[in-house]
Each structure stands twice: as C-alpha cells, then as structure tokens.
Amino acid sequence: MSVDVPRRIVILRHAKADWPEVADHERPLAERGRKDAPLAGRRLTEAGLVPELTLCSTAVRTRETWKLVVHELPQRPKTVYEERLYDASLGELIAVLNETSDDITDLLVVGHNPGVHALADALAGQAAEGTRERMARTGFPTSAIAVVTFNGSWKSVEHGVGRLDDFWAPHE
C-alpha cells in the first residue's frame with residue numbers, strides 16, 4: 001500500500017469513570033460512563049468511522065469503554081491493548097502512532113486526558129470550521145471523539161500534520 005494515502009485517526013477519551021478506593025489504573029466506569037460509551041459507538045457508526053485497528057489503554061475504564069463502544073460498530077476491528085497509552089504524554093502518544101503499520105488507514109485510539117486532548121490539538125494543523133473551537137470550549141470531556149485526517153505514512157505523524165475534521169461529545 002502506498003504511504004501517501006489519506007489516513008484517519010479517531011481519538012476517543014474513555015467514558016466517565018468512578019472513584020472507588022482502588023489504584024487509578026483499576027478505576028471502573030461510573031453509571032454515566034456505561035450510558036455514554038454506547039452513544040460514542042453509535043456516533044462512530046453513524047459517521048462511518050469504523051477503524052481497522054484500535055489501540056486501547058490497558059486501564060480498566062478504557063477497556064470497559066471500548067467493550068461498550070465496539071458493540072455498536074458494524075464490525076469488530078483488531079484491538080491491541082497498549083500499556084504505553086495509560087498516562088501517556090503527547091510525545092509518547094505520537095511515538096505509538098509512528099509505529100502503526102502503513103497497511104492501516106483508519107486507526108482508533110482509546111485513551112486518557114490530558115494526553116488525548118493534547119494529541120488532537122497538536123496534530124490539527126488545520127481544522128474544519130468550528131471544530132477546534134468546540135473542542136477547546138468543552139475541554140475534551142469523557143466519551144468525546146476527535147477525528148484527524150492526514151496524508152502520508154504513520155511515521156510522518158507529528159505536530160500540525162493533519163486536519164481536525166470532526167469533534168463530538170455526548171453532552172455538548
């Protein structure tokens with residue numbers, strides 16, 4: 001496959017988590033999160049955003065989010081649970097994206113703030129009208145989705161490489 005093809009990164013923040021007396025990595029979804037995650041899945045399906053590959057943080061709340069989202073998709077993509085996505089910095093997230101095979105055109109990343117917000121903002125050298133403003137206004141809440149498109153190899157993912165084509169949050 002040519003490396004100069006359109007690619008899409010769908011960035012999904014995990015759904016609302018609960019705060020029980022457990023380690024942060026082990027926090028489960030709250031009731032609102034269990035309601036919002038399927039809405040995010042339906043949004044992906046309605047927008048035709050069905051990934052070929054999903055990279056999901058290993059945290060309980062991201063895995064639970066993905067389990068509820070994927071049930072709303074028309075087909076289940078290959079899923080890789082990636083430890084490096086938990087508590088990842090912007091640089092670490094970009095490094096993970098740079099490792100993606102160029103056979104993949106549509107990638108979904110299920111992660112955490114502040115990293116996912118920083119990733120969407122940093123990659124978006126351009127933005128569809130109103131999307132950057134909506135994302136900035138909401139602060140990338142739980143279950144939010146940002147869609148960034150770019151041309152080129154995954155190895156070329158860096159600041160400003162793409163266009164923020166869509167931003168959605170369940171309660172905006």
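Let me start with the surroundings of S143, which, once its neighbours within four places in sequence are set aside, is in contact with L12, R13, H14, A15, K16, D36, A37, A40, W168 and P170. Please keep in mind throughout that this is a predicted model. As for where S143 sits, it is found in the loop between helix 5, residues 131-138, and strand 6, residues 145-151. With a relative accessible area of 1%, S143 falls under the 20% cut-off and is therefore buried.

The backbone at S143 also deserves a remark, since S143 has a positive phi of about 70° although it is not a glycine. F140, which is placed in the loop between helix 5 and strand 6, likewise has a positive phi, near 60°, and is a residue other than glycine. Is F140 buried or exposed? Its relative accessible area is 0%, so F140 is buried. To put those backbone values in context, most residues other than glycine have a negative phi, and most peptide bonds are trans.

The second half of that statement brings me to another part of the chain, where the peptide bond from N113 to P114 is cis, with omega near 10°. P114 belongs to the loop between strand 4, residues 106-111, and helix 4.

Helix 4 itself, residues 115-123, packs against helix 3, residues 90-98, at an angle of about 70°, and the two axes are 9 Å apart. Because angles from 65 to 115 degrees count as roughly perpendicular, that is the description that applies to helix 3 and helix 4. The crossing of these two helices, helix 3 and helix 4, is right-handed. Which residues meet there? From helix 3 we have L90, L93, I94 and L97, and they meet G115, V116, A118, L119, A122 and L123 of helix 4. Sorted by character, the residues of the contact of helix 3 with helix 4 comprise 9 nonpolar, 1 polar and no charged.

There is a second helix pair to go through, namely helix 1 and helix 2, the latter being residues 60-70, whose axes come within 7 Å and cross at roughly 50°. An angle of that kind makes helix 1 oblique to helix 2. Helix 1 passes helix 2 in a right-handed crossing. On the side of helix 1, the residues R34, A37, P38, A40, G41 and L44 meet T65, L68 and V69 in helix 2. The residues of the contact of helix 1 with helix 2 divide into 6 nonpolar, 2 polar and 1 charged. You may recall A37 and A40 from the beginning, since both are among the residues in contact with S143, and here both take part in the meeting of helix 1 with helix 2.

Staying with helix 1, let me turn to T45, which lies in that helix. At 29% relative accessibility, T45 counts as partly exposed. Not counting residues up to four places away in sequence, T45 touches E72, L73 and P74. The C-alpha atoms of T45 and P74 are separated by 7.1 Å, although these residues are 29 residues apart along the chain.

L73 appears once more in the surroundings of P51, a residue placed in the loop between helix 1, residues 31-46, and strand 2, residues 53-57. Leaving aside its neighbours within four places in sequence, P51 is in contact with L73, P77, D106, L107 and L108. P51 has a relative accessible area of 4%, and so P51 is buried. By way of separation, P51 and E64 are 13 residues apart in sequence and 18 Å apart in space, C-alpha to C-alpha.

I will end with the aromatic rings. How many aromatic pairs does a search of the whole structure find? The search finds 2 aromatic pairs. One of them is F150 with W154, whose ring centres are 5.2 Å apart and whose planes stand at 75°, so the pair is edge-to-face. Both F150 and W154 are buried.

Conventions
Residues are numbered from 1 along each chain as its sequence is written. This is a predicted model: local features need pLDDT of at least 70, side-chain atom pairs count only at pLDDT 80 or more; totals for chains, interfaces and linings use all residues. Side-chain values use heavy atoms; hydrogens and water are left out. Helices (H or I, at least four residues) and strands (E, at least two) are DSSP runs, numbered from the N terminus. Buried means under 20% relative accessible area, exposed over 50%, partly exposed in between (1.4 Å probe, protein chains only). Contact means heavy atoms within 4.5 Å. Axes are lines fitted to C-alpha atoms, for helices over the stretch in contact, and angles run from 0 to 180 degrees between N-to-C directions. Angles under 35 degrees count as roughly parallel, over 145 as roughly antiparallel, 65 to 115 as roughly perpendicular and the rest as oblique. A crossing is left-handed if the near helix is turned anticlockwise from the far one by less than a right angle, and right-handed if clockwise. Ala, Val, Leu, Ile, Met, Phe, Trp, Tyr, Cys and Pro count as nonpolar, Asp, Glu, Lys and Arg as charged, and the others, Gly among them, as polar. Rings of Phe, Tyr and Trp (its six-membered ring) pair if their centres lie within 6.5 Å; planes under 30 degrees apart count as stacked, over 60 as edge-to-face and the rest as tilted.
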